[in-house]
Amino acid sequence: MKQKKTFKVLSIDGGGIKGLYSATILNKIEKDLIKKTNDKTVRIVDYFDLICGTSTGGLIALALSLGISTDEICKFYTNHGPKIFRWSKGVFPMLKQTLFWGKFNDKKLKKALVEILKEKKIGDSRCLLCIPTFDVTHGTYEIFKYDHKEGHLSRDNDLLMTDVALATSAAPTYFPVAQLEKHDNRQYIDGGIWANNPSLIGYTEAKKYFIGDGKYNNIQLLSLSSLNIGNKLKPFARKRRSFIGWRSRLFDLTLVAQSEFVDLFLSSLHSERADLDYYRINSAKVESSHVKHIELDRAKKNSIALMKQFGNDMYHNIKHDIKPFFQTRKTYITKNR
């Protein structure tokens with residue numbers, strides 16, 4: 001009997017500085033893999049044929065694809081987060097976000113990205129990649145991909161990973177629009193406006209190009225949520241609200257709603273199809289006393305400590321459930337495996 005060949009996908013949600021929650025979980029996984037294999041060089045990328053990531057999840061995906069350790073990725077958030085999201089609260093940041101240039105410039109973000117991703121390009125990836133963004137020049141969705149032969153792709157491998165990271169994380173009203181010279185100066189914004197949870201992109205990519213025809217028989221898809229607070233309103237909340245009245249809550253609601261719908265859809269497919277093994281690592285439950293410390297641009301000392309705590313606790317809750325995703329290594333070979 002022919003053994004089933006599994007196509008393995010990792011998907012990582014967007015969420016600004018809350019990516020530290022996701023990175024912390026991945027760090028715990030990687031440490032356990034190093035201990036299990038007795039190999040200090042083992043990395044998350046060794047276990048997934050395709051990694052998808054949106055916004056901050058895209059940054060993590062790009063770093064993972066290069067074999068950068070999760071220790072270094074976590075340090076990226078703890079060391080650079082407070083600088084990137086400096087002065088996120090107060091009247092002046094609110095006025096900048098709602099009336100003028102946007103809340104932050106991207107100079108510190110770009111400098112931090114260059115530090116971790118160096119001059120690496122998409123073609124340097126050790127796995128397949130799908131990084132969503134939105135092309136505002138042409139008003140349509142966009143996905144940056146590793147140029148794989150199955151799709152006859154030849155467009156993105158020469159793009160700098162730093163530019164791709166800026167394009168997928170250019171959250172409207174937070175960061176400037178990203179402009180890519182190598183894409184004829186097209187302009188891009190955060191992929192979270194349509195694919196904050198890129199799991200469905202990973203599933204679609206796998207089904208379209210890799211499942212069937214003697215390639216792969218089934219899909220294993222591990223989806224990792226950001227840390228979400230839901231942005232609920234109290235009963236009988238004010239009904240008429242201006243843009244300033246909604247502020248960052250408007251963007252957050254879009255991210256959470258899209259992420260939850262994708263999870264619902266894939267959970268339904270998982271229960272109906274034998275060729276899909278799907279698991280979602282959800283957001284930790286954030287108590288009311290912690291809500292004010294958990295925002296996509298809040299990088300204070302207590303916020304960072306909380307995100308690490310939530311990530312560590314969640315890993316211990318789900319570590320037995322995700323074991324099947326790390327029983328075997330990936331089998332798809334890129335030129336930089």
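In the predicted model, strand 1 and strand 2 (residues 50-53) run parallel and are joined by four bridges. Within this pairing, I12 lies opposite G53 of strand 2. Strand 1 also pairs with strand 7 (residues 218-224), again in parallel orientation, through seven bridges. Here S11 faces S223 of strand 7. Strand 1 itself, which spans residues 6-12, is mostly covered, with six of its seven residues buried. In a regular strand, side chains point alternately to the two faces of the sheet.

Two surface patches were also identified, one positive and one nonpolar. The positive patch consists of K83, K107, K108 and K111. Its main contributor is helix 5 (residues 107-117), which supplies three residues. K83, in turn, belongs to helix 3 (residues 70-84). The relative accessible area of K83 is 47%, so this residue is classed as partly exposed; that value also satisfies the requirement of over 30% for inclusion in a patch.

The nonpolar patch comprises F261, L264 and F265, which together present about 320 Å² of accessible area. F261 is placed in helix 10 (residues 248-272). With a relative accessibility of 53%, F261 counts as exposed, because the cut-off for that class is over 50%.

The backbone was further examined for unusual phi values. Most residues other than glycine have a negative phi. Against this background, H152 has a positive phi, near 55 degrees, although it is not a glycine. H152 is situated in the loop that connects strand 4 (140-145) with helix 6 (161-168). Its relative accessibility is 72%, and H152 is therefore classed as exposed.

A positive phi is likewise found at N185, where the angle is near 60 degrees, in a residue other than glycine. N185 occupies the loop between strand 5 (178-180) and strand 6 (186-190). The relative accessibility of N185 is 41%, so N185 counts as partly exposed; this value lies between the limits of 20% for buried and 50% for exposed residues. Both positive phi values thus occur in loops, that of H152 between a strand and a helix and that of N185 between two strands.

Conventions
Residues are numbered from 1 along each chain as its sequence is written. This is a predicted model: local features need pLDDT of at least 70, side-chain atom pairs count only at pLDDT 80 or more; totals for chains, interfaces and linings use all residues. Side-chain values use heavy atoms; hydrogens and water are left out. Patches are made of residues with over 30% relative accessible area and no salt bridge: like charges are joined within 9 Å, nonpolar side chains (Val, Leu, Ile, Met, Phe, Trp, Tyr) within 5 Å. Accessible areas come from the Shrake-Rupley method with a 1.4 Å probe; for residues, only the protein chains shown count as cover. A salt bridge is a side-chain nitrogen of Lys or Arg within 4 Å of a carboxyl oxygen of Asp or Glu. Lys and Arg count as positive and Asp and Glu as negative; His and the chain ends are not counted. The place of a charge is taken as NZ of Lys, CZ of Arg, CG of Asp or CD of Glu. Buried means under 20% relative accessible area, exposed over 50%, partly exposed in between (1.4 Å probe, protein chains only). Two strands pair if DSSP finds at least two bridges between them.
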